[in-house]
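Notebook open, coffee poured. I want to go through the sheets and then the charged pairs in this one.

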Amino acid sequence: MKIIIASDSFKGCFSTFEVADTIEKGIRKVNKEATIIKIPVADGGEGTVDALVLGTGGRYEDVEVVGPLGTRTKAKIGILKDDVAVIEMASASGLPLLKRSELNPLITTTFGTGQLITAALDLGCSKILIGLGGSATNDGGVGMAQALGVSFKNRLGEEIGFGGSELIHIDDIDISNLDRRIYKTEIIIMSDVTNPLCGENGASYIYGPQKGATDETIKLLDNNLNHYASVLKDKLGKDVKNMEGAGAAGGLGAGILAFCNGIMSPGIDKVLEVSGLNEHLNDADLVITGEGRIDYQTLYGKVAVGVGKRSLSKNVPVVAIVGSIGEGASEVYSQGINAIFDIVDKPMSLTDAMENVSFLLEQAAENVMRLINIGCLSGHTRRPVNKDKETFSYENSGS
């Protein structure tokens, strides 16, 4: 029996690698002979670089960059085969780099993300995958563009400073010093965000609060992004204001679209493509996926549904093992997921569940395999579908 484990991390307690290793332990308690393929996955946010580097045999490169508040920090990029680089903007310009008291989208910058792009170009990469999750910024990607050589001048001809508060001062944009290697490089934006740059569904209103923006600040930031978009259209003929995904990562999506000719792609689709899931599915009998919580939001670019859709196209059943089940979870049954099991076996607090996740997850995986062994439903008999493979379906015996 060939089983693929392709689960997201359980945020805050278990990485995708730890989840896969623990599920394997549960499987082995029931089926020691199964062929198990573990595919690290992520949705383009935190953990994407690790998933692709370790899942495909790539390597890391450490880069010193300007962090979101303008101080120096260390970040890493992944180098994959065929001169492909993978970057998480959060490692240079993200929330994990700041304390809660430091959150301030008026001054945070994406300059460090631009430096990561430059580092990938210096390493000879011809394709760059950029994950946009976990942003601490709202500068429309201006900082990123500055790091690549673009100049944003105010009415006095001076370069504007860092942060979302500075965008209102943009009077002219000069791309004459933009790194020309960008034009020869394929830039893929990995994000499940479809929000436009501005307005009530834009970057500032939807994502500003988690970056420390108050109601008053949100209005100011949105107004500044509107101004920035107007100057982009007027000076460069780039109309990104209402492009799908332009609002991702505080408008970094707009910046990559405007200055790097970026191509939008759902993060999970690109990760699964690079990881080679399709090839492994060709002779698989079962896929186990999962995430910390499965609910209606899982339908929008999350790992479990991404795995489910690809498995459905190959007629391979999928079981999701999750930390908890929320409202709307049943909607995923139409997306290739056949069953959902949560790991909690009795009433407990979130803290208790997280502290005992290893035991609970292994136990859940063992129970899934035991159910598969006995046929799930009484009154059904187990018959081989393919005599050359240990693959089974269940036939109603008249109950």
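Before anything on strands, I fix the term: two strands pair if DSSP finds at least two bridges between them. I also note that this is a predicted model.

**Entry 1, the parallel sheet.** I started with strand 13 (residues 318-322) and strand 15, which run parallel and are joined by four bridges. They count as paired because the rule asks for at least two bridges. Within this pair, I found Ile 321 opposite Phe 341 of strand 15. Stepping back, I see five strands in an open sheet, ordered 2-1-11-13-15, with parallel pairing. Which strands are at the edges? I get strand 2 (35-38) and strand 15 (339-342), each pairing on one side only. On average, neighbours in this sheet are turned by 20° against each other, ignoring direction.

Next I checked what packs on this sheet. Helix 1 (residues 16-28) does, touching strand 1 (2-5), strand 2 and strand 11 (286-289). I noted about 170° between the direction of helix 1 and that of strand 2. Helix 11 (residues 303-313) lies across strand 11 and strand 13, and I have it running at about 170° to strand 11.

**Entry 2, the mixed sheet.** My other sheet is also open: six strands in the order 3-4-5-6-9-10, with mixed pairing. Why is one side of strand 3 (59-66) and of strand 10 (263-265) left without a neighbour in the sheet? Both stand at the edges with a single partner strand each, so that side stays free of a sheet neighbour. The average turn between neighbouring strands here is 30°, direction ignored.

I then zoomed in on one edge. Strand 3 and strand 4 (residues 72-80) are antiparallel and pair over eight bridges. For Val 63, I looked up the bridge partner in strand 4 and got Ala 75.

Helix 2 (residues 48-56) packs on this sheet, and its contacts include strand 3, strand 5 (84-88) and strand 9 (186-190). Its direction makes about 35° with that of strand 4. Helix 9 lies across strand 4, strand 6, strand 9 and strand 10, at about 120° to strand 9.

**Entry 3, salt bridges.** A reminder to myself: side chains of opposite charge can pair when their charged atoms come close. How many salt bridges are there? My count comes to 17.

- Glu 61 bridges to Arg 59, with the closest N and O atoms 3.1 Å apart. Glu 61 is partly exposed at 24% relative accessible area, and Arg 59 is partly exposed at 42%.
- Glu 273 bridges to Lys 270, with the closest N and O atoms 3.3 Å apart. Both sit in helix 9 (residues 267-275), three residues apart, about one turn of the helix. Is each one buried or exposed? Glu 273 is partly exposed at 47%, while Lys 270 is buried at 10%.
- Arg 293 bridges to Asp 295, with the closest N and O atoms 3.1 Å apart. Arg 293 is partly exposed at 45%. Asp 295, at 7%, falls under the 20% cut-off and is therefore buried.

Which residues are joined into one network by salt bridges that share partners? I wrote down Asp 21, Glu 24, Arg 28 and Lys 38.

Definitions and conventions
Residues numbered from 1 in each chain as written. Predicted model: local features only at pLDDT ≥ 70, side-chain atom pairs only at ≥ 80, totals over all residues. Heavy atoms only, no water. Salt bridge = Lys/Arg side-chain N within 4 Å of Asp/Glu carboxyl O. Buried < 20%, exposed > 50% of the residue type's maximum accessible area, 1.4 Å probe, protein only. Axes fitted to C-alpha atoms, helices over the stretch in contact; angles between N-to-C directions. Contact = heavy atoms within 4.5 Å.
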